[in-house]
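Reader: I would like to go through this structure with you, beginning with its salt bridges. May I put some short questions to you?

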Amino acid sequence: MITVSEIRESIAPELRVLNERMAAALDSSNELMNQVIHNYMQSKGKQLRPMLVILTAKLFGTVTPEVISAAAAVELLHNASLIHDDVVDDSDTRHGRKTINAVWDNHIAVLVGDFFVSGALRQAILTRDLRVIDAVGHLGQMLSVGEMDQICNARFHTLDEENYFKVISHKTASLFVSCVRMGCFTVGASDEDLAVMSEYAELFGRCFQLRDDIYDYFPSDDIGKPTGNDLREGKITLPLLYALSLTDDSRHDEMLELSRRESLDSGEIRRLIDYAVEMGGIDYTFAMIDRLAEQACELLDRIPQCEATDALRALVRSLKN
């Protein structure tokens, strides 16, 4: 199977142009703004979202300057949401690096995040396609709604799979859906192909978030996410949700009461993690990823078969166990 690194290498020229475009879009007349952004952009991550825009464009056409602008728009908005999330969550680190709010303060972090949002809108305008501009605006709303959904679920102890998947559809999958839609818009793909790719991206986004949730139960150097961080922030994810759905266990009521506390110490977090693992929550979540990933791959059988299709299959299968 093709690796993610090989996929990235296959579109390296396009990614290079993308990063040059984003650097230009983020240049300002303020020295402090430039310094903060320069330090922040030293860690670009895997850039999966612009990769999806580019690969989708390659499926149905060619990579034009408009495709690059669309990819830049979604990546800039994604980074704006991360910067703002770090302020909301009072996070000190992300992917093993200090957050902007930790190095500077919340005031500067919010302003830098706003600057990224403005850059995203300007890149969307460069596509000269109202559908792309609308997609960026809609995405900003979905990300905000997803964050509010998550806060409400934690605050009012809404513990069920339906609400959990609603949150990840808004907060995570919406980004990937926007990516493929922008890729389709910028190369004139058909409505049928747009529908298939949107469904693929929704499934991809769910798999991506499920895999990220699993990392919260085990240490991982890959993403620099502290074990138990979600629980520490009051977020109950699928492994524990599944464990809590099994009411026959003698510890159920105790664990349910513990999961509803406003704050947890390290020992309590450890107990909840151990309970989720022992009750099969990790296995259940991996099985869910496998099922959704294969559904996504089956959808790709309905679109043109080429190197980009193979890459999209490999990307979603890379999230499996």
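Reader: In which helix do Glu202 and Arg206 lie, and how many residues apart are they?

Author: Please note at the outset that this is a predicted model. Both residues lie in helix α10, which covers residues 191–215. They are four residues apart, about one turn of the helix. Their side chains meet in a salt bridge, at 2.9 Å from N to O.

Reader: Is Arg206 buried, partly exposed or exposed?

Author: Arg206 counts as partly exposed, because its relative accessibility is 23%.

Reader: How many salt bridges does a search of the whole structure find?

Author: The search finds 18 salt bridges. One of them joins Lys58 and Glu14, whose closest N and O atoms are 3.2 Å apart. This pair links distant parts of the chain, with Lys58 in helix α4 (residues 48–60) and Glu14 in helix α2, 44 residues apart.

Reader: And which of those words, buried or partly exposed, applies to Lys58, and which to Glu14?

Author: Lys58 has 31% relative accessibility, so it counts as partly exposed. Glu14 has 15%, so it counts as buried; the cut-off for buried is under 20%.

Reader: With which residue does Glu294 form a salt bridge?

Author: Glu294 forms a salt bridge with Lys320, and the closest N and O atoms are 2.9 Å apart. Glu294 lies in helix α15 (residues 281–300) and Lys320 in the segment after α16 (307–317), so the pair ties together parts that are 26 residues apart in sequence. Glu294 counts as partly exposed at 25% relative accessibility, and Lys320 counts as partly exposed at 24%. Elsewhere, Asp89, Glu233 and Lys235 are joined into one network by salt bridges that share partners.

Reader: Let us turn to pockets. What is the volume of the second largest pocket, and which helices each supply at least two residues of its lining?

Author: The second largest pocket holds about 220 Å³ of space. The helices in question are α2 (12–25) and α3 (31–40). Among the lining residues are Asn19, Met22, Ala23, Ile37, His38 and Met41. By class, the lining divides into five nonpolar, four polar and two charged residues.

Reader: How many cavities of 30 Å³ or more does the structure hold?

Author: It holds one such cavity. The largest cavity has a volume of about 30 Å³, and its lining consists of Met22, Met41, Ser43, Lys44, Gln47, Glu75 and Asn79. Two of these residues are nonpolar, three are polar and two are charged. Met22, Met41 and Lys44 also appear in the lining of the second largest pocket.

Reader: You mentioned Gln47. What is its phi, and where is its place?

Author: Phi of Gln47 is near 55°, a positive value in a residue other than glycine. Most residues other than glycine have a negative phi. The place of Gln47 is in the loop between α3 and α4. Gln47 counts as buried, because its relative accessibility is 8%.

Reader: And Arg128: what is its phi, and is it buried or exposed?

Author: Phi of Arg128 is likewise near 55°, and positive. Arg128 lies in the loop between α7 (106–126) and α8 (130–155). At 67% relative accessibility, Arg128 counts as exposed.

Reader: Finally, which residues form the nonpolar patch on the surface?

Author: Leu32, Val103 and Trp104 form that patch, and together they have about 250 Å² of accessible area. Val103 lies in helix α6, residues 100–103.

Terms used:
Residues numbered from 1 in each chain as written. Predicted model: local features only at pLDDT ≥ 70, side-chain atom pairs only at ≥ 80, totals over all residues. Heavy atoms only, no water. 1 Å grid on protein atoms, 1.4 Å probe; cavity = no way out; pocket = protein on both sides within 12 Å on 5 of 7 lines; lining within 4 Å. Points joined across faces, edges and corners; volume = space filled by probe spheres on them. Nonpolar A, V, L, I, M, F, W, Y, C, P; charged D, E, K, R; others polar. Patch = residues over 30% accessible without salt bridge, like charges linked within 9 Å, V, L, I, M, F, W, Y side chains within 5 Å. Areas by Shrake-Rupley, 256 points an atom, 1.4 Å probe, with all protein chains shown as cover. Salt bridge = Lys/Arg side-chain N within 4 Å of Asp/Glu carboxyl O. Buried < 20%, exposed > 50% of the residue type's maximum accessible area, 1.4 Å probe, protein only.
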